[in-house]
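Trainee: Could you take me closely through the surroundings of ligand 1 in this model? I would also like to see how other local details fit around that description.

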Amino acid sequence: MFKKTSSYRQNIEPDLLVGLDLGTSKVTVVVAERGAEGDEAQIIGVGQAPSNGIRKGLIVNLDQAVKSVRQAVSDAQNMVGQDINEVTVSFGGGDVTSVRSKGMVSLGRTPRPVMRLDIERVIDAAQADVVVPANQSILHTIPVEYSLDGNVGIDDPLGMNAMRLDIEVQSIIVPTATIQNVMNCVSRAGLDVNGLVIKPLASALGVLTPEDALAGAAVVDIGGGTTGVAVFADGRPKHLGLLPVGGDHITNDLGSVLRLPLNKAEELKRTVSLRRDFDPDETISFTHSSRDFDISKSDLYEIVRCRLEELANDLIKPQIKASRVALLPSGILLTGGVSKTEGIDEFMLDMMDLPARVAMPVDANRMPPGRNTQEYSSAAGIIKYILTRERDPFRYLDNPAIGGGKAEAPKMPAYAPPSGESSAPGPKERREGGFNPLKSIGDMFKDLF
Ligand SMILES: Nc1ncnc2c1ncn2[C@@H]1O[C@H](COP(=O)(O)OP(=O)(O)O)[C@@H](O)[C@H]1O
Ligand SMILES: [Mg+2]
């Protein structure tokens, strides 16, 4: 395998961004190459492998999971012709909780511009209120809303004049052992972990257009063993949730009710249309392991409908309610493998009483032919996550001290008013020096294993 040594573009080093999604059905990899200053990164390849050793988003067999990661990465390496050494990983599993808290800092008796330090302080203040259960860790701290002098809905307070800054943040809390197992699995596959992203956030970033994220939308990623829900409004995630039910439950239902082997149940499941555009008396006849089966299409339909109805009513709706977002003009964006079910958009519209559509990775047009499906939503979203954090380090904050204790806001240089340009360090600068929370997580975990 050759390693590229120079870029065809000038003044930039070729820089690979790699997203690795540890799904319950597949491990998927999306590789992007950083563009010239101001350009979006270009997706140059993908890879995948069946995920073994991962169930309901949790690693249940480390050796098998490591093999799946190696296989998916090698698939991607073959496509891009470059070595992959570092990845940013999305994962699900376990109890993922989203906790809201508020913080306030005073800026003085007369208005003055908000500095980076003020944003750090207000995030610290909001985090001080979060109670993290034993053996759980904050994975992300996500500002949900800023207010200045009581005016809510401030998009970016940096540099704006005020006397008081308020914030509401969302903390994503996951079991520490889950994080350790993910880090362990990926590093045993020979890769450095540059970052971790909770799966529903990755999927949402993969499929949301900026317009949908601003208007208000819920991204529902129905995978094999889990369903991720991300509710966005004003361009920010207002709520993230992960539910332990996915398409594999439909397969199991079909298998147990119709007494079918699972591989046959899986095959039949993919033929079901939720549009109900079939003859209810029609049956599917086949012989499997020398047994004859006659299965009515309406039985198949009923079983799939039942499970999806339960998922929508009992699991997805409460998540949307928890977001406290009253209106979702862009409705539900369905993604993940189960969103390939025919008619699932109309079905969800009926169930949720919201517009619903199937959504592919927004960069799908740049994905290789045949691979631009909704199974790559999360991995594609990781690339967006990396780029968003480089542009705006306060949008998604990682916990530099995972393993217990309180998350810290990144240490950034104070805002220098008004030199015209933003004082944020460029991508290169940020990669090489200064604060890198994920490096600290990585170093910490290296110590652990
Ligand atoms: N054409 C299809 N119709 C219905 N379900 C499908 C179809 N293709 C895949 N699935 C289901 O999608 C699920 C896998 O989704 P995927 O997003 O790949 O999972 P994960 O992200 O958890 O690895 C499985 O339950 C699979 O049966
Ligand atoms: Mg998926």
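Mentor: The account below begins with conventions and overall figures, turns to the ligand shell, and then visits individual elements and residues.

Residues are numbered from 1 along each chain as its sequence is written, while chains are lettered from A and ligands numbered from 1 in the order in which they are written. The model is predicted, so that local features need pLDDT of at least 70 and side-chain atom pairs count only at pLDDT 80 or more, whereas totals for chains, interfaces and linings use all residues; side-chain values use heavy atoms, with hydrogens and water left out.

The protein has 449 residues, of which 55% are buried (under 20% relative accessible area; exposed means over 50% and partly exposed in between, with a 1.4 Å probe and protein chains only). Its secondary structure comprises 12 helices and 21 strands; these are DSSP runs numbered from the N terminus, helices being H or I over at least four residues and strands E over at least two. Among contacts (heavy atoms within 4.5 Å) with a separation of 6 or more, 70% join residues 24 or more positions apart. The accessible surface is about 19,600 Å², and carbon and sulfur atoms contribute 49% of that area. Such areas come from the Shrake-Rupley method with a 1.4 Å probe, and for residues only the protein chains shown count as cover.

The ligand itself can now be considered. Around ligand 1 there are 18 residues, and those that come nearest are T24, S25, D248, E266 and K269; a residue is near when one of its heavy atoms lies within 4 Å of the molecule. An N or O atom in the side chain of T24 is 2.5 Å from an oxygen atom of ligand 1. At G224 it is a backbone N or O atom that lies 3.0 Å from a ligand oxygen. The side chain of R270 places an N or O atom 3.5 Å from a nitrogen atom of ligand 1. Taken alone, ligand 1 has 580 Å² of accessible area, and the protein covers 94% of it. Two elements give two or more residues to this shell, namely α6 (247–258) and α7 (262–269).

By class, the shell contains one nonpolar, nine polar and eight charged residues. In this scheme Ala, Val, Leu, Ile, Met, Phe, Trp, Tyr, Cys and Pro are nonpolar, Asp, Glu, Lys and Arg are charged, and the others, Gly among them, are polar. Domain 1 (1–97 + 173–208 + 360–449) and domain 2 (214–358) each supply at least three residues to the shell; the bounds come from an automatic or database domain assignment.

Two helices come next. In α4 (residues 199–207), nine of the nine residues are buried, so this helix is largely enclosed by the rest of the structure. Its buried residues include K199, P200 and L201 at the start of the list and L205, G206 and V207 at the end. Helix α8 (residues 297–322) contains R307, which is buried at 18% relative accessible area. Leaving out residues up to four places away in sequence, R307 touches V245, H249, I250 and D253. The side chains of R307 and E310 form a polar contact of 3.1 Å, a term for N or O atom pairs within 3.5 Å, where within protein one atom must be able to donate a hydrogen and the other to accept it, and residues adjacent in sequence count only if both atoms are side-chain atoms.

Among the loops, E375 lies between β20 (356–358) and α10 (377–391). E375 and T28 are 347 residues apart in sequence, yet their C-alpha atoms are 7.9 Å apart. Beyond four places in sequence, E375 touches K26, T28, G337 and K340, and its side chain makes a polar contact of 3.0 Å with that of K340.

Two other loop residues have positive phi without being glycine: N135, at about 65 degrees, and S289, near 45 degrees. N135 sits between α2 (116–127) and β9 (136–148) and is exposed at 66% relative accessibility. S289 sits between β17 (283–288) and β18 (291–296) and is exposed at 59%.
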